[in-house]
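User: I would like to go through the labels used for this model. For each one, tell me what backs it up.

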Amino acid sequence: MKLLLLPGDGIGPEVLAEVRRVIDGLNAHHGLGLNVENGDIGGASLDRHGTPLAPHVLEMAKASDAVLMGAVGGPKWQGVSYELRPEQGLLNLRKGLGLYANLRPALCFPALADASTLKREVIDGLDILFVRELIGGVYFGEPRGIETLPDGTKRGFNTQSYTTPEIERVARMAFDLARQREGRVCSVEKANVMESGLLWRETVTALHARDYGDVALSHMYADNCAMQLVRDPRQFDVILTDNLFGDILSDAAAMLTGSLGMLPSAALGEPGMPGLYEPIHGSAPDIAGKGIANPCAAILSLAMALRYQLGRPDLADLTEKAVSDVLDAGYRTGDLLGGEDTRLVGTEGMGRAITERLSA
Ligand code: NAD
């Protein structure tokens, strides 16, 4: 098995160094047998190759079983033209690998329940998986633009559109993932006011009836889902939704869990194509180079790759448990709430503590 690591910019290389440490531990003590390659992306690639994603790196990605990225972007590249921006490297990579589903877990570790803005009893044990459509909907629909009207005022417009195959492939992924969890999918749209939402609901319902009778399916309007996420978030198992609603609702759910430094994600495409795994945080230029970034989100992204693509759900469980144990033992990076009996560590200290638990 081959994993391509793309450290990128800012804290990206720092957190991926700890991912590397965890992989070395899993290879040495648990027979993982994962080969690791490194490549450039984002500003680092722009500086070295004159482009945020060089063709040879895309080829390396396609030849891998999975890709794990750190983060891209930073003030150094703020003035560069649109097509050379570091973020463009990430968009080109997603496009090049045909990644149409974004998986974002919102998971609350018991040791961090008090870091949430919600009460412990509402949040403790939270474990939601968002499956968000990633390359369709209103962010990509045509026509789009800003036009000047005859009276001199302007009109900005975008198009929300989904086809049956676009809905079916992401819904299939949500149902398949639910089978590995509690077996419940809640499909979220606004079928009451949007035709694209109505087609979404009809397509998901038909696919469920055809192929997924063993999974429990419910439907919810997006505005209600926003309310339910803060009222009783533990009612959800898998939430399936489109690009726009998924963007907003998964960010809201993420913050229920406390810190940006704890949240992994994955983007998946057709079976057989490598997925892209990455922490949801950015390059954090304000703390880059200081050795204080939280590597947990990146390490949990590796756990997702082990679970969903590298065929080792056992080692995914082990890695997630090691993170949870280390938090229970009181280890905290600066972004996590203090509390009694906690011990402040840096990026390396956290990575080492997790690796030691794994290797024990
Ligand atoms: P950010 O996520 O980089 O940082 C937001 C805040 O959270 C900062 O105060 C940062 O110090 C803190 N933070 C983030 N990750 C942390 C971690 N692992 N440990 C401790 N603290 C952490 O978001 P931003 O400041 O809006 O963006 C900075 C740069 O990152 C921009 O160039 C932006 O375009 C880019 N960005 C990249 C990605 C990506 O690579 N997927 C995502 C978001 C933003």
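**Labels and their grounds**

Analyst: A word first: this is a predicted model. Start with the ligand. Of the 22 residues around the ligand, Val72, Glu87, Gly282, Ala284 and Asp286 come nearest.

User: What makes the approach of Glu87 to the ligand a polar contact?

Analyst: The cut-off is 3.5 Å between N or O atoms. A polar side-chain atom of Glu87 lies 2.6 Å from a ligand oxygen. That pair is within the limit, so the label holds. Asp286 has a side-chain N or O atom 2.9 Å from an oxygen of the ligand. For Glu278 the partner is a ligand nitrogen, at 3.2 Å. The protein covers 66% of the 800 Å² of accessible area that the ligand has on its own.

User: What kinds of residue form the shell around the ligand, and which strand and helix each supply at least two of them?

Analyst: The shell divides into eleven nonpolar, seven polar and four charged residues. Strand S3 (66–71) and helix H4 (86–97) each supply at least two.

User: Why is Glu18 called buried?

Analyst: Buried means under 20% relative accessible area. Glu18 has 4%, so Glu18 counts as buried. Glu18 lies in helix H1 (residues 12–30). Beyond its neighbours within four places in sequence, Glu18 is in contact with Pro295, Ile299, Thr347, Glu348, Gly351 and Arg352.

User: Why is strand S5 described as largely enclosed?

Analyst: S5 spans residues 127–133, and six of its seven residues are buried, so the rest of the structure largely encloses the strand.

User: How do you know that S5 pairs with S4 and with S10?

Analyst: Pairing needs at least two bridges. Seven join S4 (residues 101–107) to S5, so these strands pair, running antiparallel. Asn102 stands opposite Arg132 in S5. Four bridges join S5 to S10 (residues 238–241), so these strands pair as well, running parallel. Here the bridge partner of Phe130 is Ile239 in S10.

User: What makes the peptide bond from Glu142 to Pro143 cis?

Analyst: Omega of this bond is near 0°. Pro143 is found in the loop between S5 and strand S6 (145–148).

User: Why is the phi of Ala284 worth a remark?

Analyst: Most residues other than glycine have a negative phi. Ala284 is not a glycine, yet its phi is near 40°, a positive value. Ala284 sits in the loop between strand S12 (275–279) and helix H10 (296–308). Ala284 is also among the residues that come nearest to the ligand.

Notes. Residues numbered from 1 in each chain as written. Predicted model: local features only at pLDDT ≥ 70, side-chain atom pairs only at ≥ 80, totals over all residues. Heavy atoms only, no water. Buried < 20%, exposed > 50% of the residue type's maximum accessible area, 1.4 Å probe, protein only. Contact = heavy atoms within 4.5 Å. Near = heavy atom within 4 Å. Polar contact = N/O pair within 3.5 Å; in protein donor to acceptor, adjacent residues only side chain to side chain. Areas by Shrake-Rupley, 256 points an atom, 1.4 Å probe, with all protein chains shown as cover. Nonpolar A, V, L, I, M, F, W, Y, C, P; charged D, E, K, R; others polar.
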